[in-house]
Amino acid sequence: MQIIDIDMSGLVRGIIIELISHHEGINISVTKRDLISSKKDSGLIRQMWYNLISNSIKFTSPVTISDIMMISSHEKEKEIIYYVKDNSIVMERF
């Protein structure tokens, strides 16, 4: 486990570039706000972002331009909340 101060904006930018290169033929528009840096396990944080963004791309609605509408963060009390808001296909609960 490697706990370091992580530049979240740089990390997410690299993951987006990597994932977009694997999805030729899909148009993805990304709005990314500056993300709050944090001291966490860099491997786990990278995997979390990779999974979130990958799933957002994988389950995007079948439209001409697929938008990951926003990747952002905010502080609430003593927590930092990171999120991906997208136009993914909604899955109904059974």
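**Entry 1: the overall layout**

I read along the sequence first and found the pattern β-α-β-β-α-β-β. That comes to 2 helices and 5 strands; helices (H or I, at least four residues) and strands (E, at least two) are DSSP runs, numbered from the N terminus. I noted that this is a predicted model, where local features need pLDDT of at least 70 and side-chain atom pairs count only at pLDDT 80 or more, while totals for chains, interfaces and linings use all residues. I also noted that residues are numbered from 1 along each chain as its sequence is written, and that side-chain values use heavy atoms, with hydrogens and water left out.

Next I looked up burial. Of the 94 residues in the protein, 32% are buried. Here buried means under 20% relative accessible area, exposed over 50%, and partly exposed in between (1.4 Å probe, protein chains only). Then I turned to contacts, meaning heavy atoms within 4.5 Å. Among contacts with a separation of 6 or more, 74% join residues 24 or more positions apart.

**Entry 2: the core**

Which residues have the most contacts inside the largest nonpolar core? I found Met8, Leu11, Val12, Trp49, Ile53 and Ile71, in a core of 16 residues. Helix H1 (8–21), helix H2 (42–58) and strand E5 each give two or more residues to this core. The largest share, 6 residues, comes from H1. For my own memory: a nonpolar core is a set of buried Ala, Val, Leu, Ile, Met, Phe, Trp, Tyr and Cys residues joined through side-chain atoms within 4.5 Å. My textbook reminder is that nonpolar side chains tend to be buried together in soluble globular proteins.

**Entry 3: two helices side by side**

I then checked how H1 and H2 pack, and got an angle of about 45° with their axes 10 Å apart. Axes are lines fitted to C-alpha atoms, for helices over the stretch in contact, and angles run from 0 to 180 degrees between N-to-C directions. Angles under 35 degrees count as roughly parallel, over 145 as roughly antiparallel, 65 to 115 as roughly perpendicular and the rest as oblique, so H1 and H2 are oblique to each other. From H1, the residues making the contact include Ile16, Glu18 and Leu19, and from H2 they include Arg46, Tyr50 and Ile57. The crossing is right-handed; that is the name if the near helix is turned clockwise from the far one by less than a right angle, and left-handed if anticlockwise.

**Entry 4: Trp49**

Is Trp49 buried or exposed? Trp49 is buried, with a relative accessible area of 0%. This residue sits in helix H2. Beyond four places in sequence, Trp49 touches Met8, Leu11, Val12, Ile15, Leu35, Ile71, Tyr82, Tyr83 and Val84. I looked at one of these partners, Met8: the C-alpha atoms of Trp49 and Met8 are separated by 9.3 Å, though the two are 41 residues apart along the chain.

I counted 1 aromatic pair. Rings of Phe, Tyr and Trp (its six-membered ring) pair if their centres lie within 6.5 Å; planes under 30 degrees apart count as stacked, over 60 as edge-to-face and the rest as tilted. The pair is Trp49 with Tyr82, edge-to-face, at 5.6 Å centre to centre and 75° between the planes. Trp49 lies in helix H2 and Tyr82 in strand E5, so the pair ties together parts 33 residues apart in sequence. Tyr82 counts as buried too, at 19% relative accessibility.

**Entry 5: Ile80 and Glu77**

Ile80 lies in strand E5 (residues 79–85). I found Ile80 partly exposed, at 29% relative accessible area. Leaving aside neighbours within four places, Ile80 is in contact with Ile36, Ser37, Ser38, Ser73, His74 and Glu75.

Glu77 is in the loop between strand E4 (65–76) and E5. Glu77 is exposed, with a relative accessible area of 77%. Its phi caught my eye: the value is positive, about 55°, although Glu77 is not a glycine. Most residues other than glycine have a negative phi.

**Entry 6: Asp34**

My last stop was Asp34, in the loop between strand E2 (27–32) and strand E3 (38–41). Asp34 is exposed, with a relative accessible area of 69%. Which residues does Asp34 contact, leaving aside neighbours within four places in sequence? They are Ser9 and Ser73. I also looked up Asp34 and Ile71, which are 37 residues apart in sequence and 8.8 Å apart in space, C-alpha to C-alpha.
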